[in-house]
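Dear colleague,

Please find below the structure that I am handing over to you. My notes on what was found in it follow directly after.

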Amino acid sequence: MDSLEQLVADIMADEQNALYTEQGIKPLFTVPKNARINIVGQAPGIRAQESGLYWNDPSGDNLRKWLGVDRETFYNSGLFAVVPMDYYFPGKGKSGDLAPRKGFADKWHKRTLALAPNIELHILVGSYAQRYYLHQKSSAKLTDTVKHYKDYLPEFFPLVHPSPRNNIWQCKNPWFEEEVIPDLQKRVKAILEK
């Protein structure tokens, strides 16, 4: 099995990541060996990449609220892995950040997750993570996936992105805050208290 140091070195040596490595940018993920819950998002945003701290923005504040955990638990307990679909900021597009690069998760997720053998729940944030882990077609509707989240338990829990931009979506889908979030918090608490 890889060590974390070897994995990071291999990721940085990969030709696909050469431009980042040349700029001194390291892959942004965390996979503590005792992690019980894995957060799979899209990719680090530019603020996360520059600061070296994932989910350190209003979206992260919302995510921690949805999970029912504080910053200390999220960042320092060693119980949360964060393994996004791409470990580098993919760049800006016309309507937000670009998609994670194709093939990145195929190449690195298995090796990364092997370092945390006790993960019980993968929280799939957004359509890229859901399509990959749930083997969905690109035509799959995120709202339907999240609404039927129980179909993917106990291994996977699909969520919308916690960006404040999704407040309109939440207003149109009150079931999310009424049903999904309380169940998520209950499951997270049960896993963390083991």
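**Surroundings of F74**

F74 is located in helix α5, which covers residues 71-76; helices (H or I, at least four residues) and strands (E, at least two) are DSSP runs, numbered from the N terminus. Please note that this is a predicted model, in which local features need pLDDT of at least 70 and side-chain atom pairs count only at pLDDT 80 or more, while totals for chains, interfaces and linings use all residues. Residues are numbered from 1 along each chain as its sequence is written, and side-chain values use heavy atoms, with hydrogens and water left out.

F74 has a relative accessible area of 2% and is therefore buried; buried means under 20% relative accessible area, exposed over 50%, and partly exposed in between (1.4 Å probe, protein chains only). Leaving aside neighbours within four places in sequence, F74 is in contact with I39, Y54, W55, L63, R64, L67, V69, F80 and V82, where contact means heavy atoms within 4.5 Å.

One of these partners, W55, is 19 residues from F74 along the chain, and the C-alpha atoms of the two are separated by 9.8 Å. W55 lies in the loop between α3 (46-51) and α4. W55 is also buried, with a relative accessible area of 13%. Its backbone deserves a remark: W55 has a positive phi of about 55° although it is not a glycine.

**Salt bridges**

Side chains of opposite charge can pair when their charged atoms come close. A salt bridge is taken here as a side-chain nitrogen of Lys or Arg within 4 Å of a carboxyl oxygen of Asp or Glu. The count by this rule is eight, and three of the pairs are described below.

R64, another contact of F74, forms a salt bridge with D61, with the closest N and O atoms 2.8 Å apart. D61 and R64 are three residues apart in helix α4 (residues 58-67), so about one helical turn separates them. The two ends of this pair can be set side by side: R64 counts as buried at 3% relative accessibility, whereas D61 counts as partly exposed at 43%.

A further salt bridge brings together the side chains of D97 and K92, at 3.0 Å from N to O. Here D97 is partly exposed, with a relative accessible area of 33%, and K92 is exposed at 57% relative accessibility.

The third pair is E120 with K194, whose closest N and O atoms are 2.7 Å apart. E120 lies in the loop between α6 (104-113) and β5 (121-125), and K194 in the segment after α10 (175-192), so this salt bridge ties together parts that are 74 residues apart in sequence. E120 is partly exposed, with a relative accessible area of 27%, while K194 is exposed at 64%. Salt bridges with shared partners join R36, E120 and K194 into one network.

**Further backbone features**

The peptide bond from L153 to P154 is cis, with omega near 5°. P154 is found in the loop between α8 (142-147) and β6 (156-159).

H135, like W55, is a residue other than glycine with a positive phi, in this case near 55°. H135 sits in the loop between α7 (127-133) and α8. H135 is exposed, with a relative accessible area of 71%, whereas W55 is buried.

**The protein as a whole**

The protein has ten helices and six strands. With 194 residues, a compact globule would have a radius of gyration near 16 Å, and the protein's value of 16 Å agrees with this; the radius is taken over C-alpha atoms, and the globule rule is 2.2 Å times the number of residues to the power 0.38. Along the principal axes, the C-alpha atoms fill a box of roughly 45 × 45 × 30 Å.

Buried residues account for 46% of the 194 residues. Among contacts between residues at least 6 apart in sequence, 71% join residues at least 24 apart. The accessible surface comes to about 10,400 Å², and 51% of it belongs to carbon and sulfur atoms; accessible areas come from the Shrake-Rupley method with a 1.4 Å probe, and for residues only the protein chains shown count as cover.

With kind regards
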